[in-house]
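User: Please take a close look at one part of the model shown below and describe it in a single connected account, with the cut-off given for each term as you come to use it.

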Amino acid sequence: MHRQAIGIDIGGSSIKASVVDLNKGCLVGERRSVPSPAMSAVSEMMHAMAAAVPENTESLAAGVTFPGVVVGGTVYSAANVAKSWIGQPLAEPAALKLNRKVIAINDADAAGLAEVHFGAAREVMGTVLVLALGTGIGSALFVDGRLVPNTEFGHMEFDGMEAEARASGRARMERKLDWDAYQSELNYVLNRMHALLWPDLIVLCGGITADHPNLCDDLKVPAQLKLGALRADAGIVGAAYATTLAQGVWIKQAKVVGK
């Protein structure tokens with residue numbers, strides 16, 4: 001059966017969208033991109049999302065990523081976008097604006113889903129850590145293929161400094177790190193995360209990896225290291241794939257223990 005959905009990947013600088021083949025985990029047709037009003041009102045984000053969605057796709061469900069914690073379709077953190085997003089519903093207004101079923105999910109979780117089901121971590125059992133190295137550091141953790149949602153390992157502090165303040169793409173520019181210095185910081189972060197999580201595989205994706213395809217060669221970590229296979233398409237593919245899932249905290253509010 002040929003299955004398709006729309007993947008919409010919200011970033012700090014752009015919103016990217018495309019039709020996704022859910023059997024193959026690849027884009028169908030063009031990947032559209034519009035500027036992201038991530039620091040603006042929710043209504044402006046809705047208009048931008050609508051502009052990014054391919055025409056004549058009204059029958060397809062859509063998955064939307066967001067760079068923050070997403071529970072039950074609502075945003076609960078906003079580290080690299082406007083703080084006014086905290087507590088704002090995303091899935092419901094997007095569904096009304098786009099006139100279709102919409103699932104909202106953390107952006108790194110979406111990229112991780114894509115890599116686990118179609119990419120570098122496909123059929124890998126054990127513990128898999130996916131890190132998206134971009135403006136910040138997004139994280140997705142999997143155990144035997146199951147997602148532990150909304151991890152925020154990029155905000156873990158090591159020696160008084162958050163991981164993403166050390167080794168994100170923005171940190172590299174703001175701290176004026178040359179490539180060797182940046183790799184040293186990233187290597188430090190990876191080893192500290194390994195000491196806490198002991199993953200069997202670490203998958204690196206995001207903008208840094210697109211520019212440096214040999215990044216893993218010079219990093220020394222006790223776990224297997226791989227670059228993400230889906231590159232810039234991972235968020236779009238993972239968002240679309242999330243529309244096929246029946247369970248997940250991004251779909252329904254988590255139950256409080258004892259209630």
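Analyst: A residue is called buried when its relative accessible area is under 20%, exposed when it is over 50%, and partly exposed in between, with a 1.4 Å probe and protein chains only. On that scale Cys216 is buried at 15%, whereas Cys26 is partly exposed at 31%. This is a predicted model, in which local features need pLDDT of at least 70 and side-chain atom pairs count only at pLDDT 80 or more, while totals for chains, interfaces and linings use all residues. Residues are numbered from 1 along each chain as its sequence is written, and side-chain values use heavy atoms, with hydrogens and water left out.

The part to look at closely is strand 4 (residues 62-66), where strands (E, at least two residues) and helices (H or I, at least four) are DSSP runs numbered from the N terminus. Five of the five residues of strand 4 are buried, so this strand is largely enclosed by the rest of the structure. Its side chains divide between two directions, with Ala62, Val64 and Phe66 pointing one way and Gly63 and Thr65 the other, and all are buried. In general, the side chains of a regular strand alternate between the two faces of the sheet.

Strand 4 belongs to an open sheet of five strands, which follow the order 3-2-1-4-7 with mixed pairing; two strands pair if DSSP finds at least two bridges between them. The edges are taken by strand 3 (26-35) and strand 7 (102-106), each of which pairs on one side only, and the twist averages 20° from one strand to the next, with axes fitted to C-alpha atoms (for helices, over the stretch in contact) and angles running from 0 to 180 degrees between N-to-C directions.

Strand 4 has a parallel partner in strand 1, to which four bridges join it, and Ile8 has Val64 as its bridge partner there. Strand 4 also pairs in the parallel sense with strand 7, over five bridges; Val64 stands opposite Ala104 of strand 7, while Ala62 has Val102 as its bridge partner in that strand.

Two helices pack against this sheet, contact being taken as heavy atoms within 4.5 Å. Helix 3 (residues 107-118) touches strand 1 (4-10), strand 4 and strand 7, and its direction makes about 100° with that of strand 7. Helix 8 (residues 234-242) lies across strand 4 as well, together with strand 1, strand 2 (14-21), strand 3 and strand 7, and runs at about 130° to strand 1.

These two helices also meet each other, for the axes of helix 3 and helix 8 come within 7 Å and cross at roughly 85°. They are therefore roughly perpendicular to each other, a term that covers 65 to 115 degrees, where under 35 counts as roughly parallel, over 145 as roughly antiparallel and the rest as oblique. Among the residues that make this contact are Ala110, Leu113 and Phe118 of helix 3 and Val237, Gly238 and Tyr241 of helix 8. The contact residues divide into 10 nonpolar, three polar and one charged, where Ala, Val, Leu, Ile, Met, Phe, Trp, Tyr, Cys and Pro count as nonpolar, Asp, Glu, Lys and Arg as charged, and the others, Gly among them, as polar.

Helix 3 is in contact with further strands too, as it lies across strand 8, strand 9 (137-143), strand 10 and strand 13, running at about 45° to strand 9.
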